[in-house]
Amino acid sequence: MGGAETEDFPDEEAKKIEVGEKRGRPMYKLMNDAAVKMKSIDASHPVAICNGDVLFIDIIADECKDIDIYGVNMYRGVSFGDAFEVVKNKTGKPIMFTEFGADAFNAIDNQEDQKSQAYYNVGNWKEIYQNAAGLGKAGNSIGGFTFQFSDGWWKYGQTKNLDVHDTNASWSNGGYPLDLKGNENNMNEEWFGICAKGPTNSRGLYTLYPRAAYYALKEAHNVNPYAPGATLEYIDNAFANISLMDAVLRARGDKAAQGGNEKIRLSNMRAEFTTFNTGGSLITTPEVADPENSTYPNKLGFDHMQSYFIGVEGNPDPNMRANVNFNILGNVAENPIDEVFYENRGRSRTVNTDEGNLTLEDINRVKVYNASYTWNAKDFELRGFYRTGHYHWGYEGDFFGLYPEANYGPNLDIYNGEVSGFEVDGKRGLKGFKAAFGPQLWWGANPAVLLKYQTNLGKIDLAAVYHEDIADAATAVSSIAIPMPKTRRATIYAKTKIGAVGVELGGIWGGQPLNGRMFQLAENNPNYDPNNSSSDSKYIIYTDKVNTEDNWGGKAKFTYSAGKFNWYGQGAAMGLVANGGADNTKTFTGWRLKDSGSGNQVNFLSGFTYSIGNVQIAPNFLWQKPIVEAMPNDVDGPGRLRNIQADPFAVRANRETVAGELLLTYDPTPGTWMYDWDNDMTEDAKFALSTGFVFRHLPTAQDAAIGIFGDGRTTFAFANAAPAHDLWESNTRIVSKLSPDLGVIANIYFGNAQANGSDARLIERYGGDVRLVYRKMKLIHSFKVNDWGPFDYHRDFNLTYPVQLMLDLSTSVGKPNWFILPDTKIGIRGTWRSLDQYSPRYSPNVADEFASSPIVSPVGFPNGSEWEIRTYIHINIGK
């Protein structure tokens, strides 16, 4: 069978005819050519096409004379109308319904409606039988394929909410009046199955539960229109005897067995049991815990931990769902060498009181782990989240990245971070409107509200976004997510396409609450003499303030797409406090050099991709320069480095940069794009590779970063910043899915890098990780050489280890997931690190409190080490 997908066509008849002649006729001619070729190979089988309804049937009659069967996808409601006669008269070919059916969800009542689905399907099959050969009607019907056997939970979101049975009606069809109201959408794509899906088991399989349509069609398919003596009266009587109510009653038992219909139920139960055995040499961690010392890890040897998760789901209505998961702590281990983790909130703490120090035990033993809710109403869809995250608006008109993605993987748990708020999508009269509100919409965000409206004017897409911070954020828990100054922002955006050229233009107004705030800037002093200690200072320090002109910025982007060759170029000019956000979108490929979105800069980026077979070559270029440069590291008082907590802006991601990148990709299965966020899971190539090299020329330093003291709550600004230095790095990703049972994913990197804080030491590092899945076994190995440890403070303070090795082997009940997700599994993990003078817990580095140097010089000592053997059992029921 040959076929092609249809797309939305213009309503005007003249334009429809134009599309048919320019695009339809060549396509149908190609189908006929394919049919001729197929018949030259095998003349004993008929060849069919698949068309959308009877669109362009006159062209098909002209061009497809060697096609044997007219296949059709047709959704006209309970009756196909004149379809049989039109196909017969226009083409003289038999008709086969390649796709037809009805959904089982009532868009008016917002609930499942099995009877209406059975009604439409039975009516369709009755006409298919009535128009079979020899019964006196059109006589050209040869059968059909009901769409579909089981529900497709992927159809509405395509790549998101795949575990949710979505109730959104995505298009309108007047042929299905039982749940049609005006011109509102009434077709629910995820509910077309004549069988409903049950819960997915550990093997990724699910049980199907027949709906009323299944039982009704089971009777319909006992009818034989070709039986001896069969007549139209016979067909009519046979279908008249099909009781839809009886089919509904028979399906009720299946629906009850399916489950998931309770108003409230346990949605998840998970238990994690872990043991830790640790040791090392030349290490400050003591053999026995000191009760007076609250430093972790607090001992070497053995310890254990238990962590339990319980989820409760409520379904007050078919279009409403809420879920909350609780974490309950058992024992909290005190010796893991990776001392920062979600459960460490339960460790004892010492607080100062009027009566002296008081040790608090058994704190934070029960905590809400995450929660979410959805309400899919007629005029809006409401989605709430607490530590469950959300996607960005970058592809929906948020040109300046005001609303970033809030999915942080394991880091959110490691630092006990929070993401909290809700989103609203408008429908019907509110279509195009979107809003978000919450105390922390993304990690480190101020309490804020964002409003977005998106529409189109002819061929021009338009969008506007407004962002208002309501208050200042709470204390930061990680330097990964330092809150920005309270702000107010608005953007406008326009996008269109002229042939192969795409044009995007936008403007931003932001930072108005910062107007009037003072900041320092430094200029070279012409009277400075480095050879004269009594000369004037090296820099002249000026004080300026933020003005209204510093609130404005603009950005333009142009793309050219022509098959093998694609190009983009973009530039921006951003006022001192006209801060947007980092670019979360992808243009053509997976480049690393992107617009940081910061204010106080002008920038230009350009790159192109060129494909040769399965290989893509993609160079990319970035130039950016701050309008007001960073304060120099060697500035004297009263000058100091700016920082984002004490000043209206700071030069960090927008530091002066000239950078180039070359990205090479080999991807023989482009249907599973190498740079999709879920490619680890979806990639099906036997071998696919992405390798890139990035060079950054950084002629100036930065302003000060914000760090966090050891208490995990108190922030401070570093006195200096890493100096000017060129940086380079290479990254390679290899994916090999040799079979459904065997896959390997590897990531390799090498290059140099600078600390986030003030340390001037440049590190030369390399490392990587390998994940291998074979049936129910999963092996993970990572290695790092002369690199930072796993936590933010390691990079902040430039704490590195000479060598870091980790090996993890586990087996699970079902096939292991490529991502870190809850699973039922048992495993063992070993971690080993060598220590030197730049490593935490290296004992020759030990110094008395407030000392400027260690007790014993580390010079002459060998490297130390620390190691951990971890065993774990995870039992997971639910999602």
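Colleague: Let's start with one residue: does Ala760 count as buried or exposed?

Modeller: This is a predicted model, so read every value as a computed one. The idea is to look at relative accessibility: over 50% is called exposed and under 20% buried. Ala760 has 52% relative accessibility, so Ala760 counts as exposed.

Colleague: Where along the chain is Ala760 found?

Modeller: Look in the loop that links strand 33 (742-753) to strand 34 (763-774). You can also pick a partner from elsewhere in the sequence: Ala724 is 36 residues away along the chain, and the two C-alpha atoms are separated by 9.3 Å.

Colleague: And Val813, which loop is that in?

Modeller: Val813 is in the loop between strand 36 (800-812) and strand 37 (825-835). At 41% relative accessibility, Val813 counts as partly exposed. Its C-alpha is 9.1 Å from that of Ile826, with their positions 13 residues apart in sequence.

Colleague: Okay, let me zoom out. How many helices and strands does the protein chain have?

Modeller: Ten helices and 38 strands. The C-alpha atoms fill a box of roughly 115 × 60 × 55 Å along the principal axes. Of the 879 residues, 47% count as buried.

Colleague: What share of the contacts comes from residues 24 or more positions apart?

Modeller: Take the contacts with a separation of 6 or more: residues 24 or more positions apart account for 63% of them.

Colleague: What about the surface? How much area does the chain expose?

Modeller: About 42,100 Å², with carbon and sulfur atoms supplying 57% of it. As for charge, there are 84 positive and 104 negative ones, and their mean positions are 4 Å apart.

Colleague: Now the inside. Which residues touch the most other members of the largest nonpolar core?

Modeller: For a core, you look for buried nonpolar residues joined through their side chains. The largest one here has 45 residues, and Tyr70, Phe80, Phe97 and Phe239 touch the most other members. Helix 5 (residues 212-220) gives this core its largest share, six residues. There is also a second, separate core of 26 residues, with Trp442, Ala445, Ala448 and Ala578 among them.

Colleague: Can we follow one of those? What is Phe80 in contact with?

Modeller: Setting aside neighbours within four places in sequence, Phe80 is in contact with Met74, Phe97, Phe100, Asn124, Glu127 and Ile128.

Colleague: What about a polar side chain? Is Gln117 buried or exposed?

Modeller: Use that cut-off again: with 0% relative accessibility, Gln117 counts as buried. Gln117 is in helix 4 (residues 114-130), and its side chain reaches the backbone oxygen of Phe192 at 3.3 Å. Beyond neighbours within four places, the contacts of Gln117 include Ala102, Asp103, Trp191 and Arg211.

Colleague: I'd like a charged one too. Which side chains make polar contacts with Glu729?

Modeller: One is Asn731, at 3.2 Å, and another is Arg765, at 2.7 Å. Glu729 is in strand 32 (residues 727-739) and counts as buried at 17% relative accessibility. Leaving out residues up to four places away, Glu729 also touches Gly692, Phe693, Val694, Phe750 and Gly751, among others.

Colleague: Let's turn to the backbone. What sign does phi have in most residues other than glycine?

Modeller: Negative, and most peptide bonds are trans. That gives you two things to look for when you go through a backbone.

Colleague: Where does the phi of Arg387 fall?

Modeller: Near 65 degrees, a positive value in a residue other than glycine. Arg387 lies in the loop between strand 15 (380-386) and helix 8 (410-414), and is buried with a relative accessible area of 9%. Asn600 is another case, with phi near 55 degrees. Asn600 is in the loop between strand 25 (565-574) and strand 26 (601-612), and is buried at 1% relative accessible area.

Colleague: And the peptide bonds: what is omega for the one from Tyr296 to Pro297?

Modeller: Omega is near 0 degrees there, and the bond is cis. Pro297 is in the loop between strand 9 (264-281) and strand 10 (301-317). The bond from Gly637 to Pro638 is cis too, with omega near 10 degrees. You'll find Pro638 in the loop between strand 27 (615-625) and strand 28 (657-666).

Terms used:
Residues numbered from 1 in each chain as written. Predicted model: local features only at pLDDT ≥ 70, side-chain atom pairs only at ≥ 80, totals over all residues. Heavy atoms only, no water. Helix = DSSP H or I, 4+ residues; strand = E, 2+ residues; numbered from the N terminus. Buried < 20%, exposed > 50% of the residue type's maximum accessible area, 1.4 Å probe, protein only. Contact = heavy atoms within 4.5 Å. Areas by Shrake-Rupley, 256 points an atom, 1.4 Å probe, with all protein chains shown as cover. Lys, Arg positive; Asp, Glu negative; His and termini not counted. Charge placed at Lys NZ, Arg CZ, Asp CG, Glu CD. Polar contact = N/O pair within 3.5 Å; in protein donor to acceptor, adjacent residues only side chain to side chain. Core = buried A, V, L, I, M, F, W, Y, C linked by side-chain atoms within 4.5 Å.
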